[in-house]
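Got your viewer open and a selection box ready? Here is a walk through one protein model, stop by stop.

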Amino acid sequence: MLKSKKKWMTKNDSVVNSVDDVVHILLKNRKIQSGKSAQFFLNPPDPSSYSLTELGIAKKSVDNAIEIISSTIAAKGKVIVYGDYDADGVCATAILWETMRSLGADVLPFIPNRFDHGYGVSVEGIDEIVRVHENVSLIITVDNGIVAHEAISYARKKGIRIIITDHHQKALTLPKADAIVHTDKICGSAVAWVFANELSKSLASEKNDVNELLELAAVGTIADQMELIGVNRSIAKHGIDILRKTRRIGLLALYNDIGIDKRQIGTYEINYLIAPRINAMGRLTDAMDSLRLLCTKDTLKAKSFSQLLAKTNTERQKIVEESLSDARANARNRIWNGVVIVSSTTYHEGVIGLIASKLVEEYWLPSIVISQKEGISKASARSIPGFNIIETIREASDLIEGGGGHPMAAGFSIKTDNITSFIETMQVLSEKKLTEEIKTRKLSIDLILPFAVVSKELLTLLKNLEPTGIGNPKPLFVTYGVSIVDMKFVGIEKKHVKLSIESEGTVIDGIAFSMKDTIENLESDIVDIVYSVDENMWNGKSTLQLVIKDIREHDNKKDNTTKIST
Ligand SMILES: [Mn+2]
């Protein structure tokens with residue numbers, strides 16, 4: 001019998017009879033108990049209704065920053081918005097650059113180039129700004145700067161004033177900036193949006209609506225993997241509404257190239273189609289072109305930037321695929337049981353994080369990928385729940401040069417001479433921490449769903465739970481003992497399976513992506529399935545469709561799942 005690798009865990013095993021029961025349990029599984037919090041969750045308030053205090057931002061610092069900007073604009077001083085090369089950083093740059101311009105500032109954006117300037121606010125970046133522009137009076141950072149002590153002091157010695165806006169973790173001391181707008185509750189582009197909103201309220205002569213800029217904060221929030229609850233749910237939900245009717249011609253060109261129906265835009269489209277294209281430029285060439293796409297007012301330029309992003313993203317995918325097959329071979333030859341660590345001079349520095357994520361997905365073990373260079377190499381790490389990767393890396397801190405991150409992801413530099421000892425040390429440190437329990441891949445299921453309850457009405461109610469993603473997972477259901485009554489292999493490589501599934505007299509269609517082998521190997525037509533309930537749009541017609549996440553032969557004796565407490 002083919003064994004599925006995932007352990008099925010149900011959060012609730014009570015019997016449901018109606019759509020209302022389903023919604024009630026889904027909210028309960030998301031820790032939403034009262035009617036008031038359910039209302040708040042189902043109808044998240046406009047993000048501008050949150051006060052600075054609620055967001056964890058000091059009002060005094062914001063006032064101070066506004067004062068500096070106001071006097072700089074009055075003195076016609078040159079301002080640079082200093083961004084970052086990932087999707088959050090590019091969106092943050094666009095938000096503040098456009099807002100500053102609308103306020104009459106003499107302002108230009110600067111996004112560092114990974115290969116020339118390194119990450120964040122750096123001495124190299126400041127030198128570049130000073131080299132290109134005369135008389136810069138003020139630099140405003142977005143999505144970075146909070147730990148750039150050296151570069152910020154360096155800029156101030158050159159007579160440049162600095163306002164930091166950031167969401168990254170603070171160190172014990174703060175850089176000596178002129179003002180700091182910081183919180184770690186929202187992403188960098190959302191900090192930029194909140195600040196832009198405050199700026200406009202104070203300085204705009206007529207009503208200057210920053211509301212439309214929320215679409216970019218939504219892209220940053222989702223791309224930067226924020227938990228989609230509380231204010232981040234508000235930003236994502238209202239921002240997605242704006243993305244669906246965007247007036248930004250760069251985004252429209254991008255939608256067109258990708259082939260997305262803009263009414264369907266949600267977290268999936270942002271995570272897997274839009275953000276990777278914006279990110280590709282910073283990984284391989286220069287993120288300024290992604291910024292140009294977002295901000296252009298010229299239709300022809302929008303088209304050509306969109307094509308450039310698509311081409312670079314395809315190139316990025318190719319590089320990842322090539323490195324990945326090498327990394328797989330490398331990982332297969334290993335003789336130890338701990339963290340997967342692969343190192344090679346052929347791994348492109350811009351994609352090592354992506355390769356590490358793919359290794360985690362394949363092996364379900366924490367993975368570190370090193371782009372080996374002469375002297376100092378760059379490394380990127382990704383983890384699985386239950387294993388704190390940054391903590392483990394810090395235990396080997398005498399072997400690395402510095403870096404940062406959190407329990408699930410980290411990045412650092414390492415002397416190439418130290419790589420062998422680092423690998424050995426990490427094996428020893430990780431092997432004992434990686435228990436069987438941690439190494440077991442789990443599938444967290446909301447509830448047992450009878451087919452009789454699957455309906456258009458259910459689909460409508462499930463839509464109210466959107467946007468789903470980190471912190472608010474897409475609802476997953478299990479049904480036991482269903483029959484596969486029909487199936488056909490679809491897609492270019494015929495790897496996907498379209499199914500008709502019957503349970504207690506109700507037949508529903510389903511799709512199982514990349515599951516041809518699994519389904520062909522089933523020894524019985526009576527199966528248990530885990531799935532989400534989705535809408536299939538085809539030729540303008542919407543039908544119900546189950547998206548199958550996992551499938552197993554039905555076992556009469558037990559129900560295949562473990563109940564977890566919530
Ligand atoms: Mn960020």
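What follows is a list of stops, each with something to select and what you will find there. Keep in mind as you click that this is a predicted model.

**Stop 1: the manganese ion**

Select the manganese ion and show the side chains around it. The protein donors are Asp-88 (OD), Asp-143 (OD), His-167 (NE2) and Asp-224 (OD), lying 2.2 to 2.4 Å from the ion. Along the chain, these donors follow the spacing D-x54-D-x23-H-x56-D.

Now keep just Asp-88 and Asp-143 highlighted. Asp-88 sits in helix 5 (residues 87-102), while Asp-143 is in the loop between strand 4 (136-141) and helix 8 (149-157), so this pair links distant parts of the chain, 55 residues apart. Turn on a surface if you like: both Asp-88 and Asp-143 are buried.

**Stop 2: the second largest pocket**

Stay with helix 5 for the next selection. Helix 5 gives the largest share of the lining of the second largest pocket, four residues. The lining has 15 residues in total, and Glu-98, Glu-212, Leu-213, Arg-248 and Lys-297 are the ones nearest the pocket's centre. The space inside comes to about 380 Å³. Colour the lining by residue type and you get eight charged, four polar and three nonpolar residues.

**Stop 3: salt bridges**

Arg-248 from that lining is a handy way into the next topic. How many salt bridges does a search of the whole structure find? The count is 25, and three of them are worth a click.

Pick Arg-248 together with Glu-215: their side chains meet in a salt bridge, 2.9 Å from N to O. Glu-215 belongs to helix 10 (residues 214-223) and Arg-248 to the loop between helix 11 (230-243) and helix 12 (249-258), so the bridge ties together parts that are 33 residues apart in sequence. Glu-215 and Arg-248 are both buried.

Next, select Lys-433 and Glu-395, whose side chains form a salt bridge at 2.8 Å, N to O. Here helix 18 (residues 419-433) supplies Lys-433, and the loop between helix 17 (389-394) and strand 10 (402-406) supplies Glu-395, so parts 38 residues apart in sequence are tied together. Lys-433 has a relative accessible area of 25%, which makes it partly exposed. Glu-395, at 41% relative accessibility, also counts as partly exposed.

Finally, jump to Asp-446 and Lys-11, a salt bridge in which the closest N and O atoms are 3.9 Å apart. Asp-446 is in the loop between strand 12 (442-445) and strand 13 (447-448), and Lys-11 is in the loop between strand 1 (7-10) and helix 1 (19-29), a separation of 435 residues. Is this pair buried or exposed? Asp-446 is buried, and Lys-11 is too. Add Arg-30 to the selection: salt bridges that share partners join Lys-11, Arg-30 and Asp-446 into one network.

**Stop 4: strand 7**

Show residues 340-344 as sticks. Five of the five residues of strand 7 are buried, so the strand is largely enclosed by the rest of the structure. In a regular strand, side chains alternate between the two faces of the sheet. Look along strand 7 and you will see Val-340, Val-342 and Ser-344 pointing one way, with Ile-341 and Ser-343 pointing the other.

Bring in strand 8 (residues 367-371) as well. Strand 7 and strand 8 run parallel, joined by five bridges. Ile-341 has Ile-368 in strand 8 as its bridge partner.

**Stop 5: a hairpin and its neighbour**

Move on to strand 15 (residues 496-503) and strand 16 (residues 506-512), which pair in the antiparallel sense over seven bridges. The two strands form a hairpin with two residues between them, and Glu-504 in the turn has a positive phi of about 45°.

Which residue in strand 16 is the bridge partner of Lys-498? Click Ile-511. Ile-511 also stands opposite Val-547 in strand 18. Strand 16 and strand 18 (residues 541-553) run parallel and are joined by two bridges.

**Last stop: a long view**

To finish, select Ile-186, in the loop between strand 6 (179-182) and helix 9 (188-203). With 0% relative accessibility, Ile-186 counts as buried. Draw a distance from its C-alpha atom to that of Asp-555: the two residues are 369 residues apart along the chain, and their C-alpha atoms are separated by 45 Å.

Note on methods: Residues numbered from 1 in each chain as written. Predicted model: local features only at pLDDT ≥ 70, side-chain atom pairs only at ≥ 80, totals over all residues. Heavy atoms only, no water. Salt bridge = Lys/Arg side-chain N within 4 Å of Asp/Glu carboxyl O. Buried < 20%, exposed > 50% of the residue type's maximum accessible area, 1.4 Å probe, protein only. Donors = N, O, S within 2.8 Å, 3.2 Å for Na, K, Ca; no water. 1 Å grid on protein atoms, 1.4 Å probe; cavity = no way out; pocket = protein on both sides within 12 Å on 5 of 7 lines; lining within 4 Å. Points joined across faces, edges and corners; volume = space filled by probe spheres on them. Nonpolar A, V, L, I, M, F, W, Y, C, P; charged D, E, K, R; others polar. Pairing = 2+ DSSP bridges.
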